[in-house]
Amino acid sequence: MTNSAESLPIIDIASRDVGRIGAALDRACCEFGFFYITGHRVSHSLSARMMMLAREFFASPLEQKMAIAMARGGRAWRGYFPVDGELTSGRPDRKEGIYFGTELGADDPRVRAGMPLHGANLFPALPGFRDTLLAYIDEVTAVGQTLLSAIAAGLGLEPDYFLERYTREPTVLFRIFNYPPSKACADESELGVGEHTDYGLLTLLQQDEVGGLQVWHRDRWIAAPPVPDSFVCNIGDMLERLTAGRYVSALHRVRNVSTQDRISMPLFLDPGFAAVLEPIEVLAPDPTAIDRRRDGRRWDGTDLAEVSGTYGDYLLNKVSKVFPLLKAQVL
């Protein structure tokens, strides 16, 4: 693991040495809540193809993109939204994007039961897009499961701790975002996406060469610039809840101050929709967690120690605030 006071750790996972990697991840999650991974074995050609197809889609006319608008995805909550179509803390984000998830047929029990965020994807009419995307989701999800095994080891747990309790049938959400260049008169308040934390266990992000991701660390925003052949990863709210604050779900935002579009492809590896998450018994609550937050509080005022119910309850509550109109239409 390498890092400095002003940069996120870079962790090579090529060896698959769960003990060594787990110790490095534990340090990174305690200090930053963010880290890069290299040596992940996701096919470089697959990643490049996914990025190329994303650029091709976002360069399409708006009418063509709206052919797979989220309103057409129904309860599965899949499809395209235009710039300013998604909210963070009530403010429109300056980005456009497509929502995907695990591809499920109409005969899947979760789909038959009408479970929100489960179902079929809406795919752009681009040659190879569907097959590339589904292969990419599978490969990155497998890396995420490997990381969770190492995180479990770093916490002194059995490597299959998360798999057996939460991610045997995970909620996998995959997003592709395009952040337009900043306006000529833009100031600090113009954000591609406002400051927020992620909701689940683990996020694995591939970003292009433009940059713009920023992470709150101690008393300042630090950059998370592109690192070749890497994923930048962060823990989410549910891993903070499980570890009783040992790991803090890190605040982050995006400011594209370049003159180019920025492509960002995060995959969220989250607990199963019906999972009920309780703090890991062998881990004592961390009283220093509040000291690692901006202004000593969470961005949304939520006390994760008081969260109850299933992960699906928590996720729907969050997502419905991001797309309030869609919530009214499909939930």
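These legends go with several close-up views of a predicted model.

**Figure 1. The whole protein, before we zoom in.**
The overview takes in 9 helices and 14 strands. Computed along its principal axes, so to speak, the C-alpha trace spans about 50 × 50 × 40 Å. How does the radius of gyration fit with a compact globule, and what is its value? For 331 residues, a compact globule would come out near 20 Å, and this protein has 19 Å, so the two agree. Buried residues account for 56% of the 331 residues. Take the contacts between residues at least 6 apart in sequence: 78% of those join residues at least 24 apart.

**Figure 2. The surface and its charges.**
The accessible surface adds up to about 14,200 Å². Carbon and sulfur atoms own 53% of that area. On the charge side, the protein carries 35 positive and 43 negative charges. Work out the mean position of each group, and the two points sit 2 Å apart.

**Figure 3. Ser 15, in a loop between a strand and a helix.**
Look for Ser 15 in the loop that runs between strand 1 (10–12) and helix 1 (18–31). Is Ser 15 buried or exposed, or partly so? Its relative accessible area is 46%, so Ser 15 counts as partly exposed. Leaving out residues up to four places away in sequence, Ser 15 touches Arg 20 and Ile 21. Now pick out Gly 194, which is 179 residues away from Ser 15 along the chain. The C-alpha atoms of Ser 15 and Gly 194 are separated by 36 Å.

**Figure 4. Cys 29 and Cys 30, two cysteines without a bond.**
How many disulfides does a search of the whole structure find? The count is 0. Why is there no bond between Cys 29 and its closest cysteine sulfur? That sulfur belongs to Cys 30 and is 7.2 Å away, which is too far for a bond, because a disulfide needs the two sulfur atoms within 2.5 Å. Seen from the other side, Cys 30 is in no disulfide either, and the nearest cysteine sulfur to it is that of Cys 29. The two residues also fall into separate exposure classes: Cys 29 is buried, with a relative accessible area of 1%, whereas Cys 30 is partly exposed, at 22%.

**Figure 5. Leu 117 and Ala 244, two residues with positive phi.**
Here's some background: most residues other than glycine have a negative phi. Leu 117 has a phi near 70°, a positive value in a residue other than glycine. You'll find Leu 117 in the loop between helix 4 (109–112) and helix 5 (129–154). Leu 117 is buried, with a relative accessible area of 4%. Ala 244 has a positive phi too, near 55°. The loop holding Ala 244 lies between helix 7 (237–242) and strand 13 (252–254). At a relative accessible area of 19%, Ala 244 is buried, because the cut-off for that label is under 20%.

**Figure 6. Leu 148 and the residues it touches.**
This view is set on helix 5, where Leu 148 is found. Leu 148 is buried, with a relative accessible area of 2%. Which residues does Leu 148 touch, not counting those up to four places away in sequence? They are Phe 162, Thr 167, Leu 201, Leu 202 and Leu 269. Leu 163 is 15 residues from Leu 148 in sequence, and the C-alpha atoms of the pair are 7.9 Å apart in space.

**Figure 7. Arg 253, a buried arginine in a strand.**
Arg 253 is part of strand 13. Is Arg 253 buried or exposed? Its relative accessibility is 6%, so Arg 253 counts as buried. Phe 273 comes 20 residues away from Arg 253 in sequence, with 26 Å between their C-alpha atoms.

**Figure 8. Thr 288, in a loop between a strand and a helix.**
The last view shows Thr 288 in the loop between strand 14 (262–270) and helix 8 (311–322). With 38% relative accessibility, Thr 288 counts as partly exposed. How far apart in space are Thr 288 and Gly 245, C-alpha to C-alpha? The distance is 8.0 Å, although 43 residues separate Thr 288 and Gly 245 in sequence.

How values were computed: Residues numbered from 1 in each chain as written. Predicted model: local features only at pLDDT ≥ 70, side-chain atom pairs only at ≥ 80, totals over all residues. Heavy atoms only, no water. Helix = DSSP H or I, 4+ residues; strand = E, 2+ residues; numbered from the N terminus. Rg over C-alpha atoms; globule rule 2.2 N^0.38 Å. Buried < 20%, exposed > 50% of the residue type's maximum accessible area, 1.4 Å probe, protein only. Contact = heavy atoms within 4.5 Å. Areas by Shrake-Rupley, 256 points an atom, 1.4 Å probe, with all protein chains shown as cover. Lys, Arg positive; Asp, Glu negative; His and termini not counted. Charge placed at Lys NZ, Arg CZ, Asp CG, Glu CD.
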